[in-house]
Amino acid sequence: MAKYKLDDTDHQILDMLIENTRTPFTDIAKKLNISAGTVHVRVKKMEEAQIILGSSLTLNYEKLGYAFIAYVGIFLKNTSQTKFVLERINDIPFVTVAHVTTGKFNVFCKIRARNTQHAKEIIFQLDDIEGVYRTETMISLEESMNDKKRLMHSIFKSM
């Protein structure tokens, strides 16, 4: 598949969608002085080129009762068990992110929990996965920054 080349209009459309994925195409079209159909076609092309992979919803986890965040480093008995362990991790809905890593841990996860007791239960579930040698947990005292928008804006400005 040929590389999709973004032009200035594509950048502007993406900038607006980055700020709010629910922005109606008609609003984007009015701001850019183009038709809503043009916005629709361009977004569709960016989806087909897999530049846009979907949209997401940002939740206030504190208001939902899931403000407790911890990071769990997982040591595996054998690296050959990585795929199996990741499949088991995927079955635990409170593990929101998992990375295969180099260095100290084989897998590094982010968990969201209601409180320390709930976090302990999640960590024990991770510990109980066949192939996990041990885990090491770090509790987040505060999520000081979680801003993918800045990165996306920077990437598109540099293209």
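## Annotated HTH asnC-type domain

In the unreviewed UniProt entry, the feature "domain: HTH asnC-type" is listed for residues 6-67. In this predicted model, that span is 60% helix and 0% strand. The C-alpha atoms at its two ends are 38 Å apart.

Several elements and residues described below carry numbers that fall inside the annotated range of 6-67. Among them are helix α2, which covers 25-32, and helices α1 (8-19), α3 (36-48) and α4 (61-64).

## Chain architecture and overall dimensions

The chain contains seven helices and four strands. Read from the N terminus, the order of elements is α-α-α-α-β-α-β-β-α-β-α. The radius of gyration is 20 Å, well over the 15 Å that the globule rule gives for 159 residues, and the chain is therefore more spread out than a compact globule. Along the principal axes, the C-alpha atoms occupy a box of roughly 55 × 40 × 25 Å. Of the 159 residues, 31% are buried.

Two domains are assigned: domain 1 spans 8-57 and domain 2 spans 61-140. Their centres, taken over C-alpha atoms, are separated by 35 Å.

## The largest pocket

The largest pocket has a volume of about 1400 Å³. Its lining comprises 39 residues, of which Ser56, Leu57, Thr58, Asn146 and Lys148 are the closest to the pocket centre. Two or more lining residues come from each of α1 (8-19), α3 (36-48), α4 (61-64), β2 (95-100), β3 (107-113) and α7 (148-158). Helix α7 makes the greatest contribution, with five residues.

In terms of residue class, the lining holds 18 nonpolar, ten polar and eleven charged residues. The pocket lies between domain 1 (8-57) and domain 2 (61-140), because both domains give residues to its lining.

## Positive phi values in two loops

Most residues other than glycine have a negative phi. Two residues of this chain depart from that pattern, namely asparagine 33, with a positive phi of about 60°, and glutamine 50, with phi near 65°.

Asparagine 33 is placed in the loop between α2 (25-32) and α3. Its relative accessible area is 73%, and asparagine 33 is therefore classed as exposed, the threshold being over 50%. Glutamine 50 belongs to the loop between α3 and α4. Glutamine 50 also counts as exposed, because its relative accessibility is 59%. Helix α3 is thus named as a neighbour of both loops, the one that holds asparagine 33 and the one that holds glutamine 50.

## Buried valines and their spatial relations

Valine 39 is a residue of helix α3. With a relative accessible area of 0%, valine 39 is buried, the limit for this class being under 20%. The C-alpha atom of valine 39 is 16 Å from that of glutamine 50, which is eleven residues away along the chain. This pair joins a buried position in α3 with an exposed position in the loop between α3 and α4.

Valine 72 is part of strand β1 (residues 68-76), and its relative accessibility of 0% places it among the buried residues. The C-alpha atoms of valine 72 and glutamate 130 are separated by 16 Å, with their positions 58 residues apart in sequence.

Valine 107 is located in strand β3. Valine 107 likewise counts as buried, at 0% relative accessibility. Its C-alpha atom is 6.0 Å from that of glycine 73, although the two residues are 34 residues apart along the chain. Strand β3, which holds valine 107, is also one of the elements that give two or more residues to the lining of the largest pocket.

## The loop between β2 and β3

Where does threonine 101 lie? Threonine 101 is found in the loop between β2 and β3. Its relative accessible area of 29% makes threonine 101 partly exposed. Threonine 101 and asparagine 90 are eleven residues apart in sequence, and their C-alpha atoms are 16 Å apart in space. The two strands that bound this loop, β2 (95-100) and β3 (107-113), are both listed among the elements giving two or more residues to the pocket lining.

Technical notes
Residues numbered from 1 in each chain as written. Predicted model: local features only at pLDDT ≥ 70, side-chain atom pairs only at ≥ 80, totals over all residues. Heavy atoms only, no water. 1 Å grid on protein atoms, 1.4 Å probe; cavity = no way out; pocket = protein on both sides within 12 Å on 5 of 7 lines; lining within 4 Å. Points joined across faces, edges and corners; volume = space filled by probe spheres on them. Nonpolar A, V, L, I, M, F, W, Y, C, P; charged D, E, K, R; others polar. Domains from an automatic or database assignment. UniProt positions renumbered as here; feature names shortened; annotations may be inferred. Rg over C-alpha atoms; globule rule 2.2 N^0.38 Å. Buried < 20%, exposed > 50% of the residue type's maximum accessible area, 1.4 Å probe, protein only.
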